Amino acid sequence: MVRLRPELKRHSPELLELRIPYSRSEPYDFLLLSDVHLDNPHCDRALLKRHLQQAQGRTAPVMIFGDLLCLMQGKRDRRASKGAIRPEHLGAAYFDLVFAECAEWLAPFASSLVLMSDGNHETAVLGNQEIDPLDNLTRLLRERHHSPVEHLPYQGWVWLTFYRPGEARQHTSRRCTLFFHHGAWGGIVTKGTMGGGRYASIAPEADVIINGHNHERSMVSHPCYRLSGTGKQRIATRWHLQTGTYKEEFADGAGWAVERIVMPKSLGGVWLRLTPTKEGVDISCEPA
């Protein structure tokens, strides 16, 4: 069966809705990524390409929640290192070279990309260089490769709304609400999992909470009480997802991360699987 692409609607700077047509109750996949660091020499582009190809095969929309780009080799960046730049990005117009090359690399997957939100690497460039990285990259993807991708801020919301063609557009009972924040909390021992409770306290409406930043990957379920429209108590599961990284900086046994005795990180993202039902949306997830 050929699936139609979701319709994207930007309700506000913070909220993007994906309206997904369906005819029967069956699972729909979404690929959730963060901390790709695509322009960094340590980015595992082969692994990323394999996951993006899998997303194409599943007709799965791809959402990237911060630090898609690294961008640490600018002239004013104190972290810059001559050995930490890809050959394609050597040149006077460093930022332009990164945006153009990364847009071309992502071009085969342009139709699958629906969301790119800011991370600390992007906001640092905006603050220090007065350049908005994802505005530039998403513009290139839309103009040159006809991508539907939207640029969202560091924190925001996504509605994943399932509807049957022909039904009232205001019908929202089959909706999953995602809250995302690139990340604020980590923890060497807890690996950031304790942040799930904090995020839940500031985003109580969310069914799924997503963060990146700490390069950890985890999937933790938090059962909670909720009330139906008729006042009946039910137990629902809220998921806290951390989306991992594609930057492998430990394999060589040397470098900044190794010297700081930072623990190796999980490579990859998370598959979110939603199944529309009569009552709402069933949610499950697994590592990508």
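**View 1. Phe65 and Phe180 are both buried.** This is a predicted model, and the first close-up looks at these two rings. Their centres lie 5.1 Å apart with the planes at 40°, so the pair counts as tilted. Stacked would need planes under 30 degrees apart and edge-to-face over 60, so an angle of 40° falls into the tilted class. Phe65 belongs to strand β4 (residues 62–65) and Phe180 to strand β8, so the contact ties together parts that sit 115 residues apart in sequence. Across the whole structure, the search turns up seven aromatic pairs.

**View 2. Tyr22, Tyr28 and Phe162 make up one aromatic cluster.** Keep an eye on Tyr28 here: that residue also turns up in the lining of the largest cavity.

**View 3. Two arginines sit over aromatic rings.** Arg19 places its charged end over the ring of Tyr163, at 4.4 Å from the ring centre. Arg175 does something similar with Trp159, lying over the face of the ring at 3.7 Å from its centre.

**View 4. The largest cavity has a volume of about 80 Å³.** Three cavities of 30 Å³ or more are found in the model. The wall of the largest one is made by Arg3, Leu4, Arg5, Pro6, Ile20, Tyr28, Asp29, Phe30, Thr59 and Pro61. Strand β3 (residues 28–33) supplies the largest share of that lining, with three residues. Sorted by class, the lining holds six nonpolar residues, one polar and three charged. Among the charged ones are Arg3 and Asp29.

**View 5. The second largest cavity comes in at about 40 Å³.** Its lining includes the run Asp39, Asn40 and Pro41, along with Cys70, Leu71, Met72 and Gln73. Ala84, Ile85, His89 and Tyr94 also line this cavity. By class, that gives seven nonpolar, three polar and one charged residue.

**View 6. The largest pocket holds about 940 Å³ of space.** Its lining takes in 34 residues, and the ones closest to the pocket centre are His215, Glu249, Trp256, Ala257 and Val262. Helices α3 (120–129) and α6 (256–259) are the elements that give two or more residues to the lining. Trp256 and Ala257, both on that closest-to-centre list, fall in the α6 range, 256–259. The class split is twelve nonpolar, twelve polar and ten charged.

**View 7. The second largest pocket offers about 490 Å³.** Here 20 residues form the lining, and Asp207, Arg226, Arg234, Ala236 and Val281 are the closest to the centre. Four strands each give two or more residues: β8 (175–181), β10 (217–227), β11 (233–243) and β13 (281–287). Of these, β11 has the largest share, with five residues. The lining divides into six nonpolar, six polar and eight charged residues. Asp207, Arg226 and Arg234, all on the closest-to-centre list, count among the charged ones. Strand β8, one of the contributors to this pocket, is also the strand that carries Phe180 from the first view.

Key. Residues numbered from 1 in each chain as written. Predicted model: local features only at pLDDT ≥ 70, side-chain atom pairs only at ≥ 80, totals over all residues. Heavy atoms only, no water. 1 Å grid on protein atoms, 1.4 Å probe; cavity = no way out; pocket = protein on both sides within 12 Å on 5 of 7 lines; lining within 4 Å. Points joined across faces, edges and corners; volume = space filled by probe spheres on them. Phe/Tyr/Trp six-rings, centres within 6.5 Å; stacked < 30°, edge-to-face > 60°. Buried < 20%, exposed > 50% of the residue type's maximum accessible area, 1.4 Å probe, protein only. Lys NZ or Arg CZ within 6 Å of the ring centre and 35° of its normal.
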